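Student: I have a model open and want to work through its helices and side-chain pairs. Can we take it in short steps?

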Amino acid sequence: MDVVTSVKPLYAILISLVTVALVLARPNRPVLREIFTVVSALVTFAIVLSMLPWILQGGILKYHLITVLPGLDIALRVDALGMVFALTASFLWLVTSFYTIGYMRSHYPENYAGRSVDRFFAFFLIAMASAIGTAFAGNLFTLYIFYEILTLCTYPLVAYDKTPEALYGAQKYLVHLLGTSLLFFLPAMFLTYYYTGTLDFSTSGILAGNAPDGVLVITFILFIAGIAKAALMPFHAWLPAAMVAPTPVSALLHAVAVVKAGVFTIIRVVLFIFGVDLLKDLNLGYYLAYFAAFTIIAASLIALRQDNLKRRLAYSTISQLSYTILGVALLTPSAVTGSVLHLVIHAFGKITLFFAAGAIYVASGKTEISQMNGIGKKMPFTMAAFTIGSLSMISIPPAAGFLSKWYLTMGAVEADQLALVAVLAISSLLNAAYFLPIVYRAFLKPAVGNGEKVKIKEAPVFMVGSLMITAIAVLCLFFTPSVFLNLARMIVAAM
């Protein structure tokens with residue numbers, strides 16, 4: 001495995017931060033703001049993409065910034081797992097930038113040229129930088145720094161509308177995420193450093209043989225409880241509360257940055273801090289797998305009862321995130337492969353669904369599923385994309401969700417956990433139960449409101465174009481998953 005020093009991962013982070021300065025230095029210039037945002041996202045994606053060939057050859061890129069204490073550095077590292085997250089986030093961020101421009105233009109026309117929208121895009125860009133920083137963190141200490149920055153910079157985005165509901169949802173968001181990381185994640189990190197003298201990632205883990213079993217179990221529990229961004233129950237309440245945010249922020253939270261940072265961090269802790277052998281010896285993986293299985297089923301049952309579209313999608317996200325956790329917890333090759341694939345595939349499918357929800361709201365003002373009779377005939381492109389995203393969540397081919405669910409199921413079989421195979425099958429049925437009625441209502445029920453035909457047309461082209469791109473990507477990932485599949489296999493081989 002060739003390890004070389006490269007400044008590219010630092011550039012991938014700095015591009016967005018430099019753009020923040022440009023946006024704030026030229027206030028009330030919406031056209032410049034849009035150009036800066038799109039160019040920043042495009043350059044970031046190009047930098048990430050430029051590192052992909054080296055990673056696919058089995059190489060690793062590193063860049064050291066500063067040593068805080070012996071064995072405690074702020075450093076960057078690009079490996080196969082980091083590339084999976086960064087490649088997904090940077091591409092979807094580019095698409096989300098166009099979507100956000102269309103949404104903000106349409107939904108906040110009176111303020112679009114003002115400073116409040118400048119600040120929105122500034123925090124939006126900082127979130128991008130912190131997501132890439134999380135992906136390319138060279139050790140747990142660096143990851144923790146970017147993890148916390150991501151929480152703090154997305155708080156103003158959740159609270160953007162400044163209504164009592166928005167402020168309450170943002171407060172709940174901040175208290176849950178910041179509180180759990182300070183109470184649980186930080187002590188777990190201190191324990192790890194105390195017993196090992198390092199927080200560097202290792203493919204075989206760093207804790208084995210360095211601490212008593214009781215301490216290891218406590219440390220593992222603290223880590224899982226402290227990574228609330230993964231939305232495992234009962235640490236999930238922040239996520240539905242954050243649905244008061246503008247839809248691009250919801251897409252940011254549920255597909256690109258925040259929740260993906262959570263499950264990514266759990267994968268890092270499981271594979272690179274504890275390691276497969278240690279977790280098997282302690283039998284902790286199976287406990288985490290069944291904890292995730294409970295979340296999968298419970299969140300799906302709650303989703304069934306939600307009439308508000310974004311809240312149904314929020315509980316769907318809680319359920320779907322635990323697929324990734326279940327896969328990595330099983331510690332078998334197929335399960336870990338499915339876990340990594342699902343991190344990517346869920347991102348594309350769920351962002352498509354949230355984009356569609358935002359488009360429906362902008363075009364019609366509708367937020368409740370019960371209001372959406374016949375909307376598919378008025379917004380065919382939007383609802384076609386929504387259907388593709390739904391099929392991916394249900395795991396019906398040719399939507400890409402089938403692939404990750406297949407690997408997860410094979411992984412459960414490899415682990416001889418037939419009860420978890422049943423959980424995966426039941427969850428697919430529950431996904432169908434809360435997604436297909438929306439599709440049925442949209443395309444097969446008449447569009448009538450208060451006795452009159454509802455006048456609705458497609459949302460602005462930037463919004464519809466963005467959701468069509470992500471929907472097409474969901475199909476493409478089914479037929480051509482080779483890049484992400486190869487990266488997943490490299491992660492498994494390194495285990």
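Student: Is cysteine 153 buried or exposed?
Tutor: Keep in mind that this is a predicted model. Buried means under 20% relative accessible area. Cysteine 153 has 4%, so the residue is buried.

Student: And cysteine 476: what does its relative accessibility make it?
Tutor: The value for cysteine 476 is 40%. Partly exposed covers the range between under 20% and over 50%. Cysteine 476 therefore counts as partly exposed.

Student: How many disulfides are there?
Tutor: The rule asks for a pair of cysteine sulfur atoms within 2.5 Å. By that rule the count is zero.

Student: How many salt bridges does a search of the whole structure find?
Tutor: The search looks for a side-chain nitrogen of Lys or Arg within 4 Å of a carboxyl oxygen of Asp or Glu. Across the whole structure, the number found is five.

Student: Take aspartate 118 and arginine 33: how many residues apart in sequence are the parts they tie together?
Tutor: Their side chains meet in a salt bridge at 2.8 Å, N to O. Aspartate 118 sits in helix α4 (residues 115-135) and arginine 33 in helix α2, so the bridge ties together parts separated in sequence by 85 residues.

Student: Which residue of α4 is separated from aspartate 118 by about one helical turn?
Tutor: An α-helix has 3.6 residues a turn, so residues three or four places apart point the same way. The residue in question lies three residues from aspartate 118 in helix α4. Its side chain also meets aspartate 118 in a salt bridge of 3.9 Å, N to O. That residue is arginine 115.

Student: Which residues are linked in a network of salt bridges?
Tutor: Aspartate 118 meets arginine 33, and arginine 115 as well. Aspartate 118 is buried at 0%, whereas arginine 115 is partly exposed at 39%. The network links Arg33, Arg115 and Asp118.

Student: Which residue forms a salt bridge with arginine 105?
Tutor: The closest N and O atoms of this pair are 2.8 Å apart. The pair links helix α3 (residues 80-107) to helix α2, 71 residues apart. Arginine 105 is partly exposed at 39%, while its partner is buried at 8%. The partner is glutamate 34.

Student: Which residues does serine 40 touch, beyond four places in sequence?
Tutor: Serine 40 lies in helix α2 (residues 30-56). Its relative accessibility is 3%, so serine 40 counts as buried. The contacts are Ile15, Ser16, Thr19 and Leu125.

Student: Which surface patch includes Tyr11, and what is its accessible area?
Tutor: Tyrosine 11 is in helix α1 (residues 8-25) and is partly exposed at 44%. Tyr11 joins Leu14, Leu17, Val18 and Leu22 in a nonpolar patch. Together they have about 430 Å².

Student: Why is α16 largely enclosed by the rest of the structure?
Tutor: Helix α16 (residues 380-394) reaches 21 Å from its first C-alpha to its last. Its buried residues pack against α13, α14, α15, α17, α18 and α19. The helix is largely enclosed because the buried share of its 15 residues is eleven.

Student: How many residues of helix α9 are buried?
Tutor: Helix α9 spans residues 247-256 and is largely enclosed by the rest of the structure. Its buried residues include Pro248, His254 and Val256. The count is ten of the ten.

Notes
Residues numbered from 1 in each chain as written. Predicted model: local features only at pLDDT ≥ 70, side-chain atom pairs only at ≥ 80, totals over all residues. Heavy atoms only, no water. Patch = residues over 30% accessible without salt bridge, like charges linked within 9 Å, V, L, I, M, F, W, Y side chains within 5 Å. Areas by Shrake-Rupley, 256 points an atom, 1.4 Å probe, with all protein chains shown as cover. Helix = DSSP H or I, 4+ residues; strand = E, 2+ residues; numbered from the N terminus. Buried < 20%, exposed > 50% of the residue type's maximum accessible area, 1.4 Å probe, protein only. Expected span 1.5 Å × (residues − 1). Contact = heavy atoms within 4.5 Å.
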